[in-house]
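The following paragraphs lead through the interior of one protein model, moving from single residues to the cores they belong to. Please keep the sequence and the coordinates at hand while reading.

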Amino acid sequence: MITDPVADYLTRIRNSIMAKHKVVEISASNLKKAMTKILLEKGYILSYKFIDDNLQGKIKIALKYHPQTKVPAIKNITRISKPGLRKYVNHRKLPRVLNGLGIAILSTSQGVMTDKEARSKNIGGEVLCYVY
């Protein structure tokens with residue numbers, strides 16, 4: 001049993017990048033699906049596919065690397081809000097990752113979104129992770 005599914009999701013991606021894998025398979029949830037869509041929109045992964053196995057389901061994520069140098073698109077992916085210590089911010093204190101070069105993924109009352117989207121909508125929420 002996994003006590004923190006988001007940390008497991010991020011760790012599987014991080015370990016797959018360190019091992020230079022092309023594809024990683026992760027158990028699915030609505031939150032993980034929303035985070036995966038954001039990673040694709042922002043160009044951190046190549047593609048993803050939801051597999052329905054009549055249970056929980058799986059997410060297959062194709063990781064993105066530079067064609068010549070094989071450097072991964074995701075340099076660092078860090079969990080911020082943990083089950084023991086949740087990190088909530090209002091719209092005035094939204095984090096800027098690497099001065100705007102990275103993204104922070106937030107869980108808000110209007111769904112999962114990046115820090116830039118939350119800033120434009122003037123809403124805060126729980127900071128799930130930083131990606132750069």
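In this predicted model, strand β8 spans residues 125–131 and includes Val-131. Val-131 has a relative accessible area of 0% and is therefore classed as buried, the cut-off being under 20%. Beyond its neighbours up to four places away in sequence, Val-131 touches Leu-39, Tyr-44, Ile-74, Asn-76, Ile-77, Val-97, Gly-102, Ile-103 and Ile-105. Lys-82 lies 49 residues from Val-131 along the chain, and the C-alpha atoms of these two residues are separated by 16 Å.

Helix α1 offers a second point of entry. It comprises residues 5–18, 14 residues in number, and reaches 20 Å from its first C-alpha to its last, close to the 20 Å expected at 1.5 Å a residue. Its buried residues are Val-6, Asp-8, Tyr-9, Leu-10, Ile-13, Ser-16 and Ile-17. An α-helix has 3.6 residues a turn, so residues three or four places apart point the same way. The cover over the buried residues of α1 includes strands β1 (23–27), β3 (58–63), β4 (77–79) and β8, together with helix α2. After α1 comes Lys-20, which has a positive phi, near 60°.

Helix α2, residues 30–41, contains Thr-36. Because its relative accessibility is 0%, Thr-36 counts as buried. The side chain of Thr-36 makes a polar contact of 2.7 Å with the side chain of Tyr-9, and Tyr-9 is itself one of the buried residues of α1. Setting aside residues up to four places away in sequence, Thr-36 touches Ile-45, Tyr-48, Ile-59 and Ile-61 as well as Tyr-9.

How many residues make up the largest nonpolar core? This core has 23 residues, and those with the most contacts inside it are Ile-13, Ile-61, Ile-105 and Val-131. Two or more residues each come from α1, β1, α2, β3, β6 (103–108) and β8. Helix α1 gives the most to this core, with five residues.

Ile-105 shows how one core member is surrounded. Apart from neighbours within four places in sequence, Ile-105 is in contact with Met-35, Ile-38 and Leu-39, with Val-112 and Met-113, and with Glu-126, Val-127, Leu-128, Cys-129 and Val-131. A second core, separate from the largest one, has nine residues, among them Ile-80, Leu-94, Val-97 and Ile-123. Val-97, a member of this second core, is also one of the residues touched by Val-131.

Conventions
Residues are numbered from 1 along each chain as its sequence is written. This is a predicted model: local features need pLDDT of at least 70, side-chain atom pairs count only at pLDDT 80 or more; totals for chains, interfaces and linings use all residues. Side-chain values use heavy atoms; hydrogens and water are left out. Helices (H or I, at least four residues) and strands (E, at least two) are DSSP runs, numbered from the N terminus. Buried means under 20% relative accessible area, exposed over 50%, partly exposed in between (1.4 Å probe, protein chains only). Contact means heavy atoms within 4.5 Å. A polar contact is a pair of N or O atoms within 3.5 Å; within protein, one must be able to donate a hydrogen and the other to accept it, and residues adjacent in sequence count only if both atoms are side-chain atoms. The expected span of a helix is 1.5 Å times one less than its number of residues. A nonpolar core is a set of buried Ala, Val, Leu, Ile, Met, Phe, Trp, Tyr and Cys residues joined through side-chain atoms within 4.5 Å.
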